[in-house]
Amino acid sequence: MATLRRLREAPRHLLVCEKSNFGNHKSRHRHLVQTHYYNYRVSFLIPECGILSEELKNLVMQTGPYYFVKNLSLHELITPEFISTFIKKGKLILSLDKDTYEETGLQGHPSQFSGRKIMKFIVSIDLMELSLNLDSKKYERISWSFKEKKPLKFDFLLAWHNTGSEESTMMSYFSKYQIQEHQPKVALSTVRDLQCPVLQSSELEGTPEVSCQALELFDWLGAVFSNVSLNNEPNNFISTYCCPQPSMVVAKAYLCTITGFILPEKICLLLEHLCHYFDELKLAPWVTLSVQGFADSPVSWGKNEHGFWKGGEHLYNFVIFNNQDYWLQMAVGANDHCPP
């Protein structure tokens, strides 16, 4: 019975798959990338490729910077100076335990994933509305809460889409704090004799003995990115996984993984470049772009609350075909809404 109970408590996962074409005016690809804000890993796989073009390599190397600020007062993020310098629109979203929430004295609402005993609360503050009403009681209450009643301080990762100001603005603005500039870590490798699933862009569900399903491709990608052996050898006691069938062997495939705090605007540029990868004739039938969000992010897509239970996963994957069709796979774990 104890084992059965544990099985029932296993976290559920959701995977949504859809297909479209980049030329379709109703395509959602750009919106879904732009509204997945907190990304820590981006990977792309290009079959039948041994070396990246200079343009793509430059895009990869320009996915930073981001910043680490130690012991930053939360009050700093609601000052008029901060908002006017860095914020065009946006909200400050706090995910607080019950005690901290009550100590702040702020208005919020219980987490949508609370059980009978509410232990987590969400506070959402519209920064632009706040900055336009500095004399309001609401601003006074929030400012008092962050500065005097419950002066919260955290270590922050910050990233900023710079639209024209000097890159040093973030460093100079937070110069009174301990701030470090970081560049994402980039890992480049060539995988040789890689067994790849055969895919047809029009068939998400696949066709027996003709093409593989989107779900099979999703599992296979996870194995490739994790450097799992795909041979299913009898003496391999770590993994018995093998490539789904039908499959083909490519002589070499290029794998790139970028890890850090990566803005959606940077990912849009990568996706756009990969969309044009097939403008010139290529041997590859498709390429993939995969993005993983921070496990402890307060949201997944847009304002959708993201909860961390056992995995905290929220991620998406594009399969880009040589006819401009694409598959989009979006996945979340427990304590998450269905992807948009």
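In the predicted model, L96 has F121 of strand β6 as its bridge partner, and this pair belongs to a register in which strand β4 (residues 91-97) and strand β6 (residues 120-126) are joined in the antiparallel sense by seven bridges. A further position in this pairing is that of L94, whose bridge partner in β6 is V123. Strand β6 is also joined to strand β5 (residues 109-110), again in an antiparallel arrangement, through two bridges, and here P110 is the residue that has F121 as its bridge partner in β6. F121 is thus a bridge partner both of L96 and of P110. Taken together, the three strands make up an open sheet with antiparallel pairing, in which the order is β4-β6-β5. Because β4 and β5 each have a single partner strand, they stand at the edges of the sheet, and one side of each is left without a neighbour there. In a regular strand, the side chains alternate between the two faces of the sheet.

For the protein as a whole, the secondary structure amounts to 10 helices and 13 strands, and the C-alpha atoms fill a box of roughly 65 × 60 × 40 Å when taken along the principal axes. Of the 340 residues in the protein, 44% are buried. Among contacts with a separation of 6 or more, 76% are between residues that lie 24 or more positions apart.

Contacts between residues distant in sequence can be followed at S43, which is found in strand β2 and is buried, its relative accessible area of 4% falling under the 20% cut-off. Residues up to four places away in sequence being left out, S43 touches F225, C256, T257, T288, L289 and S290. With one of these residues, T257, the contact is also polar, since the side chains of S43 and T257 make a polar contact at 3.3 Å. The C-alpha atom of S43 is separated by 12 Å from that of G293, although the two positions lie 250 residues apart along the chain.

Strand β2 also contributes to the second largest pocket, the lining of which receives at least two residues from each of β2, α9 (214-225), β11 (286-293) and β12 (314-321). This pocket holds about 360 Å³ of space and is lined by 20 residues, among which F218, G222, F225, Q292 and L315 lie nearest its centre. F225, one of these central residues, is also among the residues touched by S43. By class, the lining comprises eight nonpolar, 10 polar and two charged residues.

Two loop positions were examined in addition. T35 is placed in the loop between α2 (29-34) and β2 (39-47), and with a relative accessible area of 13% T35 is buried. The side chain of T35 reaches the backbone oxygen of H31 at 2.8 Å, while, apart from neighbours within four places in sequence, T35 is in contact with S300, W301 and G302. H75, by comparison, lies in the loop between β3 (66-73) and α4 (80-86) and is likewise buried, with a relative accessible area of 12%. Residues up to four places away in sequence again being set aside, H75 touches S143, F146 and K147.

Conventions. Residues are numbered from 1 along each chain as its sequence is written. This is a predicted model: local features need pLDDT of at least 70, side-chain atom pairs count only at pLDDT 80 or more; totals for chains, interfaces and linings use all residues. Side-chain values use heavy atoms; hydrogens and water are left out. Helices (H or I, at least four residues) and strands (E, at least two) are DSSP runs, numbered from the N terminus. Buried means under 20% relative accessible area, exposed over 50%, partly exposed in between (1.4 Å probe, protein chains only). A polar contact is a pair of N or O atoms within 3.5 Å; within protein, one must be able to donate a hydrogen and the other to accept it, and residues adjacent in sequence count only if both atoms are side-chain atoms. Contact means heavy atoms within 4.5 Å. Two strands pair if DSSP finds at least two bridges between them. On a 1 Å grid over the protein atoms alone, a cavity is a set of points where a 1.4 Å probe fits but cannot get out, and a pocket is an open set with protein on both sides within 12 Å along at least five of seven lines; lining residues have an atom within 4 Å of a point. Grid points are joined across faces, edges and corners, and a volume is the space filled by probe spheres set on the points. Ala, Val, Leu, Ile, Met, Phe, Trp, Tyr, Cys and Pro count as nonpolar, Asp, Glu, Lys and Arg as charged, and the others, Gly among them, as polar.
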